[in-house]
Amino acid sequence: MSFFENTRKPQGFGGKLMTKMMNRGHAKLSQWGFSNISAKSDAEVLDVGCGGGANIAVWLDRCRNGHVTGMDYSEVSVAESQKLNALAIKQGKCNVVQGDVSAIPFSDATFDYVSAFETVYFWPGLVKCFSEVNRVLKSEGIFLICNESDGTNAADEKWTKMINGMKIYTSKQLVAALKEAGFTEIKTYSNAKNHWISIVATK
């Protein structure tokens, strides 16, 4: 397995290294993505594909009277996220679970916000997974997607060759899948200089 496969599903020592690199490397993208939404302080949040747990920490800071759940299908990511957010877990403000986005292990209408940072590239069938996100969101809940690749930069295609099962989407493709999955109001933000996209979809 190449080291870069750990972006899809971190495993072993290389996976631990990758989660730490992701926490640092995605910080600016995350900051920009978070700037496109305002969050209620008592919100129930789910961060899907939580990686090394840095975005869980940001959510905890923004929703100080709320609760944040991290979910990832990688055991390594779950362990690293738990380590980074150990205090919040101890305080009962956070939990991190292993789970699959195509069958999210939570009841209907559980969360106010669901976020997906740098992860939808690897989701097995966008409409099915987006429908699952829609299901676990409360009425008027918000789904935040942030991608470092907007599908318009030819240089990014090298990653799809290096990482098995990775697919880069344009904002148009993401919006079409979100509509099909039942989201109503969809706003798209782009950072043309960096080829970043962020989408805020309301249930």
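The largest pocket holds about 510 Å³ of space, a pocket being an open set of points on a 1 Å grid over the protein atoms alone where a 1.4 Å probe fits, with protein on both sides within 12 Å along at least five of seven lines. The volume is the space filled by probe spheres set on the points, which are joined across faces, edges and corners. The model is a predicted one, so local features need pLDDT of at least 70 and side-chain atom pairs count only at pLDDT 80 or more, while totals for chains, interfaces and linings use all residues. Residues are numbered from 1 along each chain as its sequence is written, and side-chain values use heavy atoms, leaving out hydrogens and water.

Back to the pocket. Its lining counts 34 residues, and G49, C50, G51, D72 and T119 sit closest to the centre; a lining residue has an atom within 4 Å of a point. Helix 1 (12-25), helix 2 (27-34), strand 1, helix 3 (54-62) and strand 2 (67-72) each chip in at least two lining residues, with helix 2 giving the largest share, 4 residues. Helices (H or I, at least four residues) and strands (E, at least two) are DSSP runs, numbered from the N terminus. By type, the lining splits into 15 nonpolar, 14 polar and 5 charged residues. Here Ala, Val, Leu, Ile, Met, Phe, Trp, Tyr, Cys and Pro count as nonpolar, Asp, Glu, Lys and Arg as charged, and the others, Gly among them, as polar.

Turning to the interior, the largest nonpolar core has 29 residues, and V114, W123, F130, F143, L178 and F183 have the most contacts inside it. Such a core is a set of buried Ala, Val, Leu, Ile, Met, Phe, Trp, Tyr and Cys residues joined through side-chain atoms within 4.5 Å; buried means under 20% relative accessible area, exposed over 50%, and partly exposed in between (1.4 Å probe, protein chains only). At least two core residues come from each of strand 1 (44-48), strand 4 (111-117), helix 6 (126-136), strand 5 (137-147), helix 8 (171-180) and strand 7 (196-202). Helix 6 is the top contributor, with 5 residues. Apart from this core lies another, of 23 residues, among them Y113, L144, C146 and V200. Beyond its neighbours within four places in sequence, F143 is in contact (heavy atoms within 4.5 Å) with partners including V114, W123, F130, L178 and F183.

Helix 8 has two faces. Its buried residues are L174, V175, A177 and L178. They cover an arc of only 165° around the axis, so they end up on the same side of helix 8; the arc is that of the directions from the helix axis to the C-beta atoms. Helix 6, strand 5, strand 6 (185-191) and strand 7 are among what covers them. On the other side of helix 8, K172, K179 and E180 are exposed. Just after helix 8, G182 takes a positive phi of about 105°.

In strand 7 sits T202, which is buried at a relative accessible area of 15%. Leaving aside neighbours within four places in sequence, T202 is in contact with E140, G141, I142, F183, T184 and E185.

Two backbone oddities round things off. Most residues other than glycine have a negative phi. A109, however, has a positive phi near 50°, and E118 has one near 55°. A109 is in the loop between strand 3 (94-98) and strand 4 and is partly exposed, at 43% relative accessible area. E118 is in the loop between strand 4 and helix 6 and is buried, at 14%.
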